[in-house]
Amino acid sequence: MTVPVIELRGLARTYPGPPPVPALRPADLVIEAGGYVAVTGPSGSGKSTLLHLLGLLDSPTEGSYLLDGLDTSALNDRDRSALRGRQIGVVFQAFHLLPYRTALENVLLAELYNQTPRSDRLRAAADALDAVGLGHRLDALPTTLSGGESQRVAIARALVNRPSLLLCDEPTGNLDSRNAASLMELLDQLNAAGFTIMVITHDAGVAAHAGRTIVISDGVLSERIEVDHA
Amino acid sequence: MRRSLTGLPLPRLTARDATAEAVAGIVQRPGRAGLTMLGTVLGVGAFVAVLGLTATGAGQISHQFTVLEDTTVTVEDNGPANNVAAPGTNPAIGFPADADAIAGHINGVAAAGVWWPVSVPDGTNFTGSLALSAAASQTINLLAASPGATAAMGLTMVAGSPLSTYENDNSQHVAVIDTSTAAALGISAARLASHPAAFVDGIAYTVVGVYSSAQRVVTDESAMLIPENTALADFGNPQPGIGNQDEAQMVVATRVGAAQAVSRQIAAAELPTDPSRLVVTSPPNPQNLQSEVSGDLAGLFLILALISLLIGAVGIANTTLVAVLERTEEIGLRRAVGARPRHIAAQFLAESTAIGTLGGLIGTCIGVGTVVIFAAAKDWTAVLNPAYTLPAPLIGSVVGLLAGAYPALRAARTSPLAALRHA
Ligand SMILES: Nc1ncnc2c1ncn2[C@@H]1O[C@H](COP(=O)(O)OP(=O)(O)O)[C@@H](O)[C@H]1O
Ligand SMILES: [Mg+2]
């Protein structure tokens with residue numbers, strides 16, 4: 001039996017107030033390798049909180065989070081940084097590209113702290129941009145890229161280290177419908193190529209791409225059961 | 001390769017990568033980087049320029065002195081009083097008969113000898129020929145000089161030779177004159193072989209040498225030098241040295257740098273029984289002079305340089321802090337892709353240090369340029385001590401490193417979550 005990529009055991013996050021905000025209630029969740037999960041819910045329901053916990057950008061106030069079978073709550077900052085760099089790729093709604101760096105340099109940034117030789121990094125970055133269909137825009141500055149292209153650069157940056165988990169926070173939130181559709185196609189391809197993906201979204205159309213949808217409401221996770229419209 | 005508990009290699013930022021990131025951070029805002037390093041440029045520039053100008057000025061002063069004053073020691077016979085000798089006569093000179101030889105044994109002495117201005121009665125005739133009328137008579141400085149003294153005077157001969165020991169020992173009636181005296185007396189330097197004579201009140205002195213210039217004593221006046229013993233025989237003892245400048249004295253030419261040592265030894269060597277009778281004059285110590293020059297003005301400028309550096313440090317600290325606040329998103333992103341807080345700190349430290357180093361380099365160039373241009377304008381030799389000049393850019397590095405410490409700490413503490421959260 002393979003180890004799940006994500007296993008949450010009573011994971012919860014309460015922001016210390018005042019007043020304290022229980023943004024995520026104790027949650028249990030398992031995502032197998034190669035899974036493609038959508039998380040939906042209204043604004044303020046705790047979607048980003050969950051993503052930040054899964055991305056090791058934040059620590060839970062309760063429960064434990066096992067990434068590839070490793071209990072992350074036992075790890076110090078050094079090891080969590082190593083996991084962030086190697087095992088997890090995050091795609092943000094706001095892209096977060098460095099404005100003065102080219103597409104290639106933005107992707108290279110994700111490999112900077114990696115202990116890999118520079119020539120290997122360059123090749124991997126160019127390959128990643130190629131994989132998202134931007135092999136011809138390596139030297140473009142983010143200011144000259146469209147929203148869809150910028151988000152593709154961000155995805156290339158997230159997957160350049162071949163992480164076991166790709167986390168996307170509202171990846172289509174800043175895109176028009178045509179760009180959003182082609183981006184979802186790209187995520188489908190990446191999932192088909194073996195990446196485990198979690199997408200946070202408002203958009204039912206985006207959620208429909210995922211094999212599984214988790215609904216979050218006031219910090220409570222629940223699995224959406226497919227209902228037959230008989 | 002170090003691995004963590006997770007089995008993964010630990011995140012790491014090499015010095016080369018940190019430097020590349022710092023340079024990228026600086027060049028993306030070149031105008032701001034330029035303004036930021038201004039204080040450091042001024043501070044380091046002022047530092048280099050002040051030290052360079054001080055050294056150049058002091059070098060110039062000691063250069064001027066080295067040429068002559070630094071190699072000249074003067075010893076005056078300052079006694080005894082008139083009444084020691086019989087009425088109407090002068091006392092014997094204080095220097096021993098072998099004064100030249102004694103001085104010659106002192107380490108560092110190149111040449112030394114006794115001389116004095118011979119006092120001749122008013123209206124004494126100097127002529128180039130007995131046949132010439134009184135109208136052609138001249139007033140000429142007549143000096144008694146030992147052979148050592150003529151050597152120490154550093155005469156540049158155009159004809160003949162300086163006074164010799166033989167001529168002195170035998171009280172010969174010979175003279176060495178300068179070119180203007182030769183011209184005034186109608187004596188041709190080219191025809192010394194015909195033994196022309198200069199007459200002092202009818203006494204003939206055969207001109208054995210003509211000189212064009214001198215390094216000491218007879219530097220800027222026309223003179224006629226006759227042997228010491230001849231002068232004693234013809235004109236008696238010189239006036240004693242109280243209240244006039246006609247006393248016997250000794251001129252000592254030393255080797256470069258030896259004047260101080262020679263001046264300390266010579267009185268006791270010449271007159272062991274009564275050294276205080278001899279008054280020794282030596283050039284000022286060039287090192288004292290140099291430190292005097294660097295003492296007052298340079299101190300002020302160095303304080304100004306320090307203030308500029310302080311302002312430079314505040315400038316760098318301020319800009320780096322602003323950059324940290326502006327770039328929280330970048331910091332959050334770097335944390336998200338594996339950077340540890342220390343890597344973030346290292347990056348901003350590298351940036352502030354690079355700005356400081358660049359400022360230091362530019363400042364050093366400006367400082368060196370200032371010294372070189374100033375020296376060229378004054379026709380001086382620029383003196384730049386490599387011990388101060390070469391490490392000067394490092395002052396900028398240190399300023400940048402110190403100035404970046406607090407902003408780097410702030411950057412390292414930036415929460416990645418706060419940085420990446422969007423509205
Ligand atoms: N740092 C924080 N401190 C306090 N409350 C927070 C903080 N971050 C988020 N919250 C609150 O937690 C809840 C969940 O937020 P979030 O996870 O961002 O929701 P979503 O992404 O679904 O819109 C919201 O009520 C939000 O106001
Ligand atoms: Mg959100």
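# Exercises on a predicted two-chain model

By class, nine nonpolar, three polar and three charged residues line the largest cavity. The model is predicted, and the exercises below start from this cavity.

**Exercise 1.** Describe the largest cavity: what is its volume, and which residues lie closest to its centre?

*Solution.*
- Step 1. The volume of the largest cavity is about 110 Å³.
- Step 2. The lining consists of 15 residues, and those closest to the centre are I88(A), G89(A), V90(A), A158(A) and V337(B).
- Step 3. Chain A gives two or more lining residues from each of α2 (77–86), β6 and α5 (147–159), and chain B does so from α10 (328–336).
- Step 4. For the classes, return to the opening count: nine nonpolar, three polar and three charged.

**Exercise 2.** State how many cavities of 30 Å³ or more are counted, and describe the second largest cavity.

*Solution.*
- Step 1. The count is five cavities of 30 Å³ or more.
- Step 2. The second largest cavity holds about 50 Å³ of space.
- Step 3. From chain A, its lining takes S81(A), A82(A), G85(A), R86(A), Y113(A) and N114(A). From chain B come P9(B), L10(B), P11(B), V337(B) and G338(B).
- Step 4. Sorted by class, the residues lining the second largest cavity are six nonpolar, four polar and one charged.
- Step 5. V337(B) appears in this lining and is also among the residues closest to the centre of the largest cavity.

**Exercise 3.** Work out the layout of the six-stranded sheet in chain A: what is the strand order, and which strands are at the edges?

*Solution.*
- Step 1. The sheet is open, and its strands follow the order β6-β7-β8-β3-β9-β10 with mixed pairing.
- Step 2. β6 (88–91) and β10 (220–223) of chain A are the edge strands, since each of them pairs on one side only.
- Step 3. On average, neighbouring strands of this sheet are turned by 20° against each other, direction ignored.
- Step 4. Take one pair within the order: β7 (residues 165–169) and β8 (residues 196–200) of chain A run parallel and share five bridges. In this pairing, L165(A) has T196(A) as its bridge partner in β8(A).
- Step 5. Helix α1 (residues 47–54) of chain A packs on the sheet and touches β3 (36–40), β6, β7, β8, β9 (212–217) and β10 of chain A. The direction of α1 makes about 155° with that of β7(A).

**Exercise 4.** Find what α1(A) contributes to the largest pocket, and describe that pocket.

*Solution.*
- Step 1. The largest pocket contains about 430 Å³ of space.
- Step 2. Its lining has 25 residues, with S43(A), G44(A), G46(A), K47(A) and S48(A) nearest the centre.
- Step 3. Both β2 (21–31) and α1 of chain A supply at least two lining residues.
- Step 4. The share of α1(A) is five residues, the largest in the lining.
- Step 5. By class, the pocket lining has nine nonpolar, 11 polar and five charged residues.

**Exercise 5.** Give the helix and strand counts, the buried percentage and the share of long-separation contacts for each chain.

*Solution.*
- Step 1. Chain A contains seven helices and 10 strands, while chain B contains 14 helices and 11 strands.
- Step 2. In chain A, 57% of the 230 residues count as buried; in chain B, 46% of the 423 residues do.
- Step 3. Among contacts with a separation of 6 or more, residues 24 or more positions apart account for 71% in chain A and for 80% in chain B.

Conventions:
Residues are numbered from 1 along each chain as its sequence is written. Chains are lettered from A and ligands numbered from 1 in the order in which they are written. This is a predicted model: local features need pLDDT of at least 70, side-chain atom pairs count only at pLDDT 80 or more; totals for chains, interfaces and linings use all residues. Side-chain values use heavy atoms; hydrogens and water are left out. Two strands pair if DSSP finds at least two bridges between them. Helices (H or I, at least four residues) and strands (E, at least two) are DSSP runs, numbered from the N terminus. Axes are lines fitted to C-alpha atoms, for helices over the stretch in contact, and angles run from 0 to 180 degrees between N-to-C directions. Contact means heavy atoms within 4.5 Å. On a 1 Å grid over the protein atoms alone, a cavity is a set of points where a 1.4 Å probe fits but cannot get out, and a pocket is an open set with protein on both sides within 12 Å along at least five of seven lines; lining residues have an atom within 4 Å of a point. Grid points are joined across faces, edges and corners, and a volume is the space filled by probe spheres set on the points. Ala, Val, Leu, Ile, Met, Phe, Trp, Tyr, Cys and Pro count as nonpolar, Asp, Glu, Lys and Arg as charged, and the others, Gly among them, as polar. Buried means under 20% relative accessible area, exposed over 50%, partly exposed in between (1.4 Å probe, protein chains only).
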